[in-house]
Amino acid sequence: MGQSSYIPAVRGSRLGTGILVLGGLLAAAYLLGAILGGFLIDWEDDGGDNDRWFWILFLLAGALLLVAGLYLANRSRSLAAGLVSLGALLGAVATFWTIVVPLAAAVLIVLSVLWARQPTATGY
């Protein structure tokens, strides 16, 4: 009906739906973390402006790559998996101390690679 062209390609299976949901949640978390953490955390105690810009850039780049990978999923599964994996990894590096975010990123990377390796259905 009025759906974007990338949604059917990703939602074709439970695996694809899981990638879409987890990838979207991580992208939103990375974006929120970059904005709120970049401006609300007192970075003077933790390394100053260098750490602030590391945090903001890695989280924004991770969110952007995640969204790009999810958006391009119908064009190339391997490109989508690569972008999703790189985006998840960038955000996980900046938030390694949270433990939950890197674990979710690792799960997303594995799921995206498994999804990319599945044979494509006819018509996609």
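Before the first number, a definition: the axes I mention are lines fitted to C-alpha atoms, for helices over the stretch in contact, and the angles between them run from 0 to 180 degrees between N-to-C directions. Please also keep in mind that this is a predicted model.

With that in place, take helix H2, residues 14-40, and helix H5, residues 100-117. Their axes cross at roughly 145° and come within 10 Å of each other. The crossing of H2 and H5 is left-handed. On the H2 side, the residues that meet H5 are Leu 15, Gly 16, Ile 19, Leu 22, Gly 23, Leu 26 and Tyr 30. H5 answers with Val 101, Ala 104, Ala 105, Val 107, Leu 108, Leu 111, Ser 112, Leu 114 and Trp 115. How do the residues of this contact divide into nonpolar, polar and charged? The split is 13 nonpolar, 3 polar and no charged. As background, an α-helix has 3.6 residues a turn, so residues three or four places apart point the same way.

Now the chain as a whole. The protein chain holds 5 helices and 0 strands, and the order from the N terminus is α-α-α-α-α. There are 124 residues, of which 38% are buried. For contacts between residues at least 6 apart in sequence, 67% join residues at least 24 apart. The exposed area of the protein chain is about 7,300 Å², with carbon and sulfur atoms supplying 69% of it.

Back to H2, this time for its length. With 27 residues at 1.5 Å a residue, H2 should span 39 Å, and its end C-alpha atoms are 37 Å apart, so the two agree. The buried residues of H2 include Leu 15, Gly 16, Ile 19, Gly 23, Leu 26 and Tyr 30, and these also appear among the H2 residues that meet H5. Further along H2, the buried set also includes Gly 33, Ala 34, Gly 37 and Gly 38.

Helix H3, residues 49-71, can be put through the same check. Its 23 residues should span 33 Å, and the end C-alpha atoms are 33 Å apart, so that agrees as well. Among the buried residues of H3 are Arg 52, Trp 55, Ile 56, Leu 59 and Gly 62. Leu 65, Leu 66, Gly 69 and Leu 70 are on that list too.

Leu 65 is worth a closer look. This residue sits in H3 and is buried, because its relative accessible area is 19% and the cut-off for buried is under 20%. Leaving out residues up to four places away in sequence, Leu 65 touches Leu 83, Val 84, Leu 86, Gly 87 and Leu 90.

One of those partners, Val 84, is in helix H4. Is Val 84 buried or exposed? Val 84 is buried, with a relative accessible area of 2%. Again leaving out residues up to four places away, Val 84 touches Leu 65, Leu 66, Gly 69, Leu 70, Leu 108 and Ser 112. The C-alpha atoms of Val 84 and Leu 70 are 7.0 Å apart, with the two positions 14 residues apart along the chain.

Gly 82 also lies in H4, but Gly 82 is partly exposed, at a relative accessible area of 38%. From C-alpha to C-alpha, Gly 82 is 9.2 Å from Leu 65, 17 residues away in sequence. Gly 82 and Ile 109 are 27 residues apart along the chain, and their C-alpha atoms are separated by 8.6 Å.

Two loop residues to finish. Leu 72 is in the loop between H3 and H4. Not counting residues up to four places away in sequence, Leu 72 touches Leu 79, Ala 80 and Leu 83. For Leu 72 and Leu 83, 11 residues apart along the chain, the C-alpha separation is 9.1 Å.

The other one is Ile 99, in the loop between helix H4, 77-94, and H5. What is the sign of phi at Ile 99? The phi of Ile 99 is positive, about 70°, although this residue is not a glycine. Most residues other than glycine have a negative phi. Ile 99 is exposed, with a relative accessible area of 55%.

How values were computed. Residues are numbered from 1 along each chain as its sequence is written. This is a predicted model: local features need pLDDT of at least 70, side-chain atom pairs count only at pLDDT 80 or more; totals for chains, interfaces and linings use all residues. Side-chain values use heavy atoms; hydrogens and water are left out. Helices (H or I, at least four residues) and strands (E, at least two) are DSSP runs, numbered from the N terminus. A crossing is left-handed if the near helix is turned anticlockwise from the far one by less than a right angle, and right-handed if clockwise. Contact means heavy atoms within 4.5 Å. Ala, Val, Leu, Ile, Met, Phe, Trp, Tyr, Cys and Pro count as nonpolar, Asp, Glu, Lys and Arg as charged, and the others, Gly among them, as polar. Buried means under 20% relative accessible area, exposed over 50%, partly exposed in between (1.4 Å probe, protein chains only). Accessible areas come from the Shrake-Rupley method with a 1.4 Å probe; for residues, only the protein chains shown count as cover. The expected span of a helix is 1.5 Å times one less than its number of residues.
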